[in-house]
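The following questions concern backbone geometry and domain layout. Please consult the sequence and the model while reading the answers.

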Amino acid sequence: MPRRFITAEDIRRAEGRELVVDPETVVTPQALDAARAAGVTLRDTSGAAWTEPAPDRGPDAARAQHHLPLMPEPSAEHAAGTGVMVVVVGRNRTGVLAEITAAIAKGGGNVRDISQRSVEDYFHLVLTVELEHAGQFDPLKDTLQCMGGEQDFVARVMHERVFRYMHRV
Amino acid sequence: MSFSDQEILETLRMVELETLDVRTTTLGINLLDCADPDLESACEKVYTKILHHGKDLVRTAESIASDYGVPIVNKRIAVTPISLIAGPSGADSLVPLAKAMDAAAEEVGVDFIGGFTAYVHKGFTRADEALFRSIPEALAATKRVCSSVSLGTTKAGINMDAVVQFTDIVLDTAERTKADGGLGCAKLVCFMNPVEDNPFVAGAHIGIGEPETVINVGVSGPGVVRSAIERLGPDADLLAVYEVIKRTAFKITRVGELVGREAARRLGTTFGIVDVSLAPTPAQGDSISDILELIGVDRTGAPGTTVALAMLTDAVKKGGAMASSSVGGLSGAFIPVSEDMGMIAAVRDEALSLAKLEAMSAVCSVGLDMIAVPGDTPAATITGIIADELAIGMVNTKTTAVRMIPVPGKGPGETVEWGGLLGTAIVQDPGRFSCSLLHARGGRVPAPLQSYKN
């Protein structure tokens, strides 16, 4: 097992101008300072300059990463892609639905289901949208939330998964 | 998959109007490999390891909150009991380790870090002693560090010598933080039967059976439960009330399960537990007391409060147990007095006494939590209150805890403002009779008969 840390004390004890650091070893910020001050170069086993490794989360972590995706999820009809719920509340006016759906289409979303209610001047709209990949979620959310405004409409964008977890087993 | 409008609106209502949130996402980090004969090097390792593992925690939690639309209120870190890594250094004061934890917590961006902890339910090691001695200064000198100690277990009984020492620590900590109303004591808790995967501060720490790193999630949602009972109305019988609480707890816990799985996946670590405790905040409507009053007591603390709380706790556990296979931590209902507007009002109206709180703690998930007592309360009285609470946990094989703040310069009935999540407290009267001989005797309360199960 490689040593876990290299501290400032280790740098002080190190003889020579170079220290080879095992891949899983973490060098403390104080040791980095000490190495700079003493002119000690830190290298990884391949000879390159040392960079902080990704955290080693422990022996259970790899098992957990393997098993987590195998945990049963609440039933989903459309397993592919990313399901998104868009809920919009606001003042009804001509073209508001077209604006919203156009923005969804531009963001790469396919509207799977739609439900709208109107009460007097106000509307309440729920859209179930399918995205091709998860990377489209953030831009779509930003776009929709920046549209409208307090006097017009407010959109809320959430992953469908939270609804599935809450309402399906 | 299509959802009915009703289902969609229910979820949105919970988040928007009923303050449904995930109360905490706590990253547990094992620090056993940070032990070092040189205390300075141990501090360096502690700081580095917390930073190395914790640096992505806040960003990850915020991205999950944004994706799922459910706020994650607190991001915290829990570490191995510090007394376990301090041994090799032989240091008398472990304050530098607390400062290293504090600096790392600040750098990572979490508001609290738990684990300045010792297990002394059967006796002290040298390192445990050093930790006990260091607690008052550590809590006064740091902002984010929380300290917890185990003073008893059902298997070991109660270490009364440790209880007496803990009382001195509580009084010393209050004195050192008197400018802030004894606030240091809000970061200090003692336990009977501590749980090793508790994500909630001040008792958060990672026990020795835990993995290298682990994500534990604490859900919340008193506001959601309250609204659900409110909608049910006064005509429903207790079975119907129970059913509504159980169903609501199921839904809340599902969100915790989702967030826990997702946080573990994104951080590349293990998902530990969901703690399904209903945890109040000083915000309007986010109150356990309101729920008890909706179940049917005039004021919290009145006759009927204990049975209402017992029912609430059990319904939450059953709903939670069906929603997640990883229910753990404390899981029940929290009754921190100063953090719950309804509880504070009940104390102000003299409906809720210390004695009633003690009875309530026999059926909820923790114990006497965030209780203010006068700053000049005799040490023997504090020892007695703590030991009584521990006895309830010992005999009932459950976790109990005491987080008590003797407020310097304040007497019964006076108000103290701590602000933020810690809220406001009314100083409560511990009575004029004490237990000075019990305090002076010290020693050990042996394990009860119900612990002999082998």
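Backbone geometry and domains

Q: In which loop of chain B is the place of Asn193(B)?
A: In this predicted model, phi of Asn193(B) is near 50°, a positive value in a residue other than glycine. Most residues other than glycine have a negative phi. The residue Asn193(B) lies in the loop between β6 and β7 of chain B.

Q: Which two residues does a cis peptide bond join, with omega about 10°?
A: Most peptide bonds are trans. One partner of the cis bond, Ala202(B), is found in the loop between β6 (188-192) and β7 (213-219) of chain B. The cis bond joins Val201(B) and Ala202(B).

Q: Is Asn193(B) buried or exposed?
A: A residue counts as buried if 20 or more other C-beta atoms lie within 10 Å of its own. Asn193(B) has 20 other C-beta atoms within 10 Å, and therefore Asn193(B) is buried.

Q: Which exposure class, buried, partly exposed or exposed, applies to Thr397(B)?
A: Phi of Thr397(B) is near 50°, a positive value in a residue other than glycine. Thr397(B) sits in the loop between α14 (379-395) and β10 (400-407) of chain B. The class in between applies to counts below 20 and above 12. With 15 other C-beta atoms within 10 Å, Thr397(B) is therefore partly exposed.

Q: What distance separates the centres of domain 1 of chain A and domain 2 of chain A?
A: The domain assignment of chain A gives domain 1 (5-67) and domain 2 (82-167). Taken over C-alpha atoms, the separation of the centres of domain 1 and domain 2 of chain A is 48 Å.

Terms used. Residues are numbered from 1 along each chain as its sequence is written. Chains are lettered from A and ligands numbered from 1 in the order in which they are written. This is a predicted model: local features need pLDDT of at least 70, side-chain atom pairs count only at pLDDT 80 or more; totals for chains, interfaces and linings use all residues. Helices (H or I, at least four residues) and strands (E, at least two) are DSSP runs, numbered from the N terminus. Domain bounds come from an automatic or database domain assignment.
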